[in-house]
Number of protein chains: 2
Amino acid sequence: MESLRIPILKIGEVLIASIQTTLHDSSAVQFKDDLLQRIFETRARGLIVDLTAVEVVDSFIARLISDIASMAGLMGTRVVITGLQPAVAITLVELGLELPQVLTALNLEKGLAALQRQIEESGDASR
Amino acid sequence: MESLRIPILKIGEVLIASIQTTLHDSSAVQFKDDLLQRIFETRARGLIVDLTAVEVVDSFIARLISDIASMAGLMGTRVVITGLQPAVAITLVELGLELPQVLTALNLEKGLAALQRQIEESGDASR
């Protein structure tokens with residue numbers, strides 16, 4: 001069976017993953033693995049997870065989003081989550097996953113701008 | 001059956017579609033329709049089709065890529081194709097689809113830069 005892999009784009013030092021399909025548990029775990037591997041390979045300094053097209057999440061996916069943010073942060077990558085819909089934000093907060101270490105932005109464009117600002121501010125020291 | 005839709009990202013005035021899966025004929029046609037619809041809805045001034053992960057194309061897909069470029073161009077959107085692998089470039093040229101109206105770039109980042117330069121140069125006149 002062909003797995004529904006989430007494409008991961010690289011623009012400069014930033015990886016962008018836009019979830020535009022329903023994440024099943026197995027594809028979500030595959031996504032997490034792919035993402036961490038790509039961060040390691042590309043030494044990306046920023047990661048944007050775009051959830052604009054995600055209308056609802058269950059507790060498994062909510063936890064996974066939170067895990068991805070923590071893991072990528074631990075690897076030294078700044079994480080921005082963009083396009084959270086109300087229902088997704090509600091689920092995350094109700095589950096106590098308030099992603100304190102994560103930047104959020106209204107859309108992909110704003111997220112990219114915020115991330116590039118942060119990367120520039122941190123300068124070359126963190127390379 | 002869940003269709004394998006190619007995600008289309010919007011960054012500023014530019015749409016980005018990164019093909020990271022094998023395009024079957026039906027998903028390719030779906031992709032073309034989605035893309036033209038998104039161009040119309042978002043009034044995007046640029047479109048990047050990233051083929052980095054595409055290793056080979058058959059004549060149907062090659063023709064479709066060429067068609068997308070012509071159609072998007074007709075709608076007023078500048079098209080950049082990035083990350084053409086040798087085998088794909090060979091197929092396109094052998095089929096006589098040399099995409100004269102299309103910019104190409106080595107990777108997504110360079111494609112985005114080229115496109116934004118073109119959009120800036122054309123200024124607001126074409127809005």
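Helices (H or I, at least four residues) and strands (E, at least two) are DSSP runs, numbered from the N terminus. Just after helix 2 of chain B, B:G76 takes a positive phi of about 95 degrees.

This is a predicted model, in which local features need pLDDT of at least 70 and side-chain atom pairs count only at pLDDT 80 or more, while totals for chains, interfaces and linings use all residues. Residues are numbered from 1 along each chain as its sequence is written, chains are lettered from A and ligands numbered from 1 in the order in which they are written, and side-chain values use heavy atoms, with hydrogens and water left out.

**Helix 2 of chain B**

Helix 2 of chain B covers residues 59–74, which makes 16 residues. From its first C-alpha to its last it reaches 22 Å, close to the 22 Å expected at 1.5 Å a residue; the expected span is 1.5 Å times one less than the number of residues. At the N-terminal end, B:D58 acts as the cap, with a side-chain oxygen 3.2 Å from the backbone nitrogen of B:F60. A polar contact is a pair of N or O atoms within 3.5 Å; within protein, one must be able to donate a hydrogen and the other to accept it, and residues adjacent in sequence count only if both atoms are side-chain atoms.

Buried means under 20% relative accessible area, exposed over 50%, and partly exposed in between (1.4 Å probe, protein chains only). The buried residues of helix 2 of chain B include B:I61, B:L64, B:I65 and B:I68. Its buried residues pack against helix 1 (25–42), strand 3 (46–50), strand 4 (78–82) and helix 3 (86–94) of chain B; contact means heavy atoms within 4.5 Å.

B:M71 is also found in helix 2 of chain B. The table sets B:M71 beside A:D34, which is in helix 1 (residues 25–42) of chain A. The contacts shown leave aside neighbours within four places in sequence.

| Residue | Relative accessible area | Contacts |
|---|---|---|
| B:M71 | 29%, partly exposed | B:K32 and B:L36 |
| A:D34 | 16%, buried | A:R5 and A:I8 |

The C-alpha atoms of B:M71 and B:R43 are separated by 14 Å, and the two residues are 28 residues apart along the chain.

**The sheet of chain B**

In chain B, five strands form an open sheet in the order 1-2-3-4-5, with mixed pairing. Strand 1 (8–11) and strand 5 (103–105) of chain B stand at the edges with a single partner strand each, so one side of each is left without a neighbour in the sheet. Two strands pair if DSSP finds at least two bridges between them. Strand 1 of chain B runs antiparallel to strand 2 (residues 14–18) of chain B, and four bridges join them. Within this pair, B:I8 has B:A17 as its bridge partner.

**Strands 3 to 5 of chain A**

Strand 3 (residues 46–50) of chain A runs parallel to strand 4 of chain A, joined by five bridges. A:D50 is bridged to A:T82 in strand 4 of chain A. Three bridges pair strand 4 with strand 5 (residues 103–105) of chain A, again in the parallel sense. Here the bridge partner of A:T82 is A:A105. Four of the five residues of strand 4 (residues 78–82) of chain A are buried, so this strand is largely enclosed by the rest of the structure.
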